[in-house]
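Here are a few notes from my look through this model, mostly on one helix and one pocket. Have the structure open while you read.

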Amino acid sequence: DNLLSRPNEPKVRSMRCANAAFEKKVGRCTGGYDFLYSIGFAPKYPVILGGGTTNTAAAAPEFLELTPENESRETLLRGRKVLSHSAVKDLGMAEEDLP
């Protein structure tokens, strides 16, 4: 919702993957990273001394970032709809409790 309502605010376009709230809500969920990649977020890996990054299959990215060239309002709205549907159907949440 923040990204849809404040798309030009850099704070809502980037997520720190090591953040406890991110880990609880997304990182530990099966398909969480893949979902964010599918709606346009790209992984950003830390740069290591001597050049290069820690971009390996086993390493989680440091950040996920939605760059303007990857952004599609239509894709974000469709992703929100998929999550809302899943929350109601798969998790049994009431529609009025959704953001």
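1. A quick definition before the helix check: the expected span of a helix is 1.5 Å times one less than its number of residues. Keep in mind that this is a predicted model.

2. So how does α4 do on that test? With 17 residues at 1.5 Å a residue, α4 should span 24 Å, and its end C-alpha atoms are indeed 24 Å apart, so the two agree.

3. Now for the sides of that helix. T75, L76, G79 and A87 are the buried residues of α4. Looking down the axis of α4, these buried residues fall within an arc of 110°, so they line one face of the helix. As a reminder, an α-helix has 3.6 residues a turn, so residues three or four places apart point the same way.

4. What sits over the buried residues of α4? The cover includes α1 and α3. On the face turned away from the buried side, α4 carries the exposed residues E74, K81, H85 and K89.

5. On to the largest pocket, which has a volume of about 1,400 Å³. Its lining counts 34 residues, and D1, V26, F35, L36 and L83 are the ones that lie nearest the centre. The elements giving two or more residues to this lining are α1 (2-5), β1 (14-16), α2 (20-27), α3 (32-38) and α4 (73-89).

6. Which element gives the most to that lining? α4 does, with eight residues. If you care about the chemistry, the lining of the largest pocket splits into 20 nonpolar, eight polar and six charged residues.

Note on methods. Residues numbered from 1 in each chain as written. Predicted model: local features only at pLDDT ≥ 70, side-chain atom pairs only at ≥ 80, totals over all residues. Heavy atoms only, no water. 1 Å grid on protein atoms, 1.4 Å probe; cavity = no way out; pocket = protein on both sides within 12 Å on 5 of 7 lines; lining within 4 Å. Points joined across faces, edges and corners; volume = space filled by probe spheres on them. Helix = DSSP H or I, 4+ residues; strand = E, 2+ residues; numbered from the N terminus. Nonpolar A, V, L, I, M, F, W, Y, C, P; charged D, E, K, R; others polar. Buried < 20%, exposed > 50% of the residue type's maximum accessible area, 1.4 Å probe, protein only. Arc of directions from axis to C-beta. Contact = heavy atoms within 4.5 Å.
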